[in-house]
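Trainee: I am new to this structure and should like to learn how its descriptions are justified. May I put my questions to you one after another?

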Amino acid sequence: MCNNFWWDSWWDSCCIRDVVLSGAVSNASGPVSGFPIEYTVNCRTLTTTTDANGRYTITALRGACVVISTGMLVGVRVSPENYSFTACFDRANLDFTLTQVTAPFTISGAVSGLPSVQGITVFYAVDGVNQATTTDAGGNYAFAAFSGANVMITPSIQTGFVAAPPSYSIPSVSMNVPGNNFTYTAIP
C-alpha cells in the first residue's frame, strides 16, 4: 500500500474540515444584538442569532451550497439581501446593514353587510409577510405599505356570510390605494 501525502493532506484540509462563516448585523445606531439570521446549507434551513456585539458565526461542510439571509422584514431594507455561495473556505465579513424605511402609502377600505361591522378582521400580506388589522366602528380599515410592495388583502370568514370580492391584489404600490371594500351577503 502506497501512502500519498499530497492526497491525504488535500483530503484533510479540503473535504473533511467544516468551514467557518461569520459576519455582523448593524444599523445606524451600531451593532444589532439578538437579530435572527437564516441560513440554508444544502437545502436545510437553520437559524442563529447575533451576539451582544451584533456578530454571528455558522459552520458548514466544505463544498456545501450556502445561502445566508435575514428573512423578510417589514419596514426594513437589508443590504445586501443575502449571500449565496459554495462553501470552499472560511469567510468573514458576511455583513448585513439594516435601514429603517418609512411606509409612505396607505391601503384602505371598508366592510359592509354584517349586523356589526366593528372589529372585523381583515388579513393582508405585504411582500409575503402575513398581517391582520381590524375595522373601526364604521367598518373602515387601513394599513401602511411601502413603495413597490406587493399587497394581497383578504376578508375574514364570517359564519353565515360570504364576502365579495374574495380578495384584492395590489402589485407594486406607488400611491395611496383606497376603496378596497368587501360586502358580506347572508348565505340563504
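**Terms and evidence**

Mentor: A search of the whole structure finds zero disulfides, a disulfide being a pair of cysteine sulfur atoms within 2.5 Å. This is a predicted model, in which local features need pLDDT of at least 70 and side-chain atom pairs count only at pLDDT 80 or more, while totals for chains, interfaces and linings use all residues. Residues are numbered from 1 along each chain as its sequence is written, and side-chain values use heavy atoms, with hydrogens and water left out.

Trainee: Why is C65 not bonded to the closest cysteine sulfur?

Mentor: The closest cysteine sulfur belongs to C43 and lies 7.6 Å from that of C65, which is too far for a bond. The cut-off is 2.5 Å, so the pair does not qualify as a disulfide.

Trainee: What makes C65 count as partly exposed?

Mentor: Buried means under 20% relative accessible area, exposed over 50%, and partly exposed in between, with a 1.4 Å probe and protein chains only. C65 has 48% relative accessibility and therefore counts as partly exposed. C88, at 41%, also counts as partly exposed.

Trainee: Why is Y124 called buried?

Mentor: Its relative accessible area is 10%, and the limit is under 20%, so Y124 is buried. Y124 is found in strand β11 (residues 121–126); strands (E, at least two residues) and helices (H or I, at least four) are DSSP runs, numbered from the N terminus.

Trainee: What does Y124 touch beyond its neighbours within four places in sequence?

Mentor: Contact means heavy atoms within 4.5 Å, and the partners of Y124 include V129, T133, F143 and M152. F143 is 19 residues apart from Y124 in sequence, with the C-alpha atoms 8.9 Å apart in space. T133 is found in strand β12 (residues 129–134) and, at 18% relative accessibility, counts as buried.

Trainee: Where is S156, and is S156 buried or exposed?

Mentor: S156 is placed in the loop between β14 (151–155) and β15. Its relative accessible area of 9% is under 20%, so S156 is buried.

Trainee: What makes the link between S156 and Q158 a polar contact?

Mentor: A polar contact is a pair of N or O atoms within 3.5 Å; within protein, one must be able to donate a hydrogen and the other to accept it, and residues adjacent in sequence count only if both atoms are side-chain atoms. The side chains of S156 and Q158 are joined at 2.8 Å, so the distance falls within the limit. The side chain of S156 also reaches the backbone oxygen of T121 at 2.8 Å.

Trainee: How do you know that β3 and β4 pair?

Mentor: Two strands pair if DSSP finds at least two bridges between them. Strand β3 (residues 36–41) and β4 have six bridges in the antiparallel sense, so they satisfy the rule. E38 stands opposite T47 in β4.

Trainee: Why are β4 and β8 said to stand at the edges of their sheet?

Mentor: The open sheet of four strands has the order β4-β3-β6-β8, with antiparallel pairing. β4 (44–49) and β8 (82–86) each have a single partner strand, so one side of each is left without a neighbour in the sheet.

Trainee: What confidence attaches to residues 1–12?

Mentor: pLDDT is the predictor's confidence in each residue, from 0 to 100, and over residues 1–12 pLDDT stays under 50. Where pLDDT is low, the predicted coordinates should not be read in detail. The protein averages a pLDDT of 86, and 87% of the residues score at least 70.
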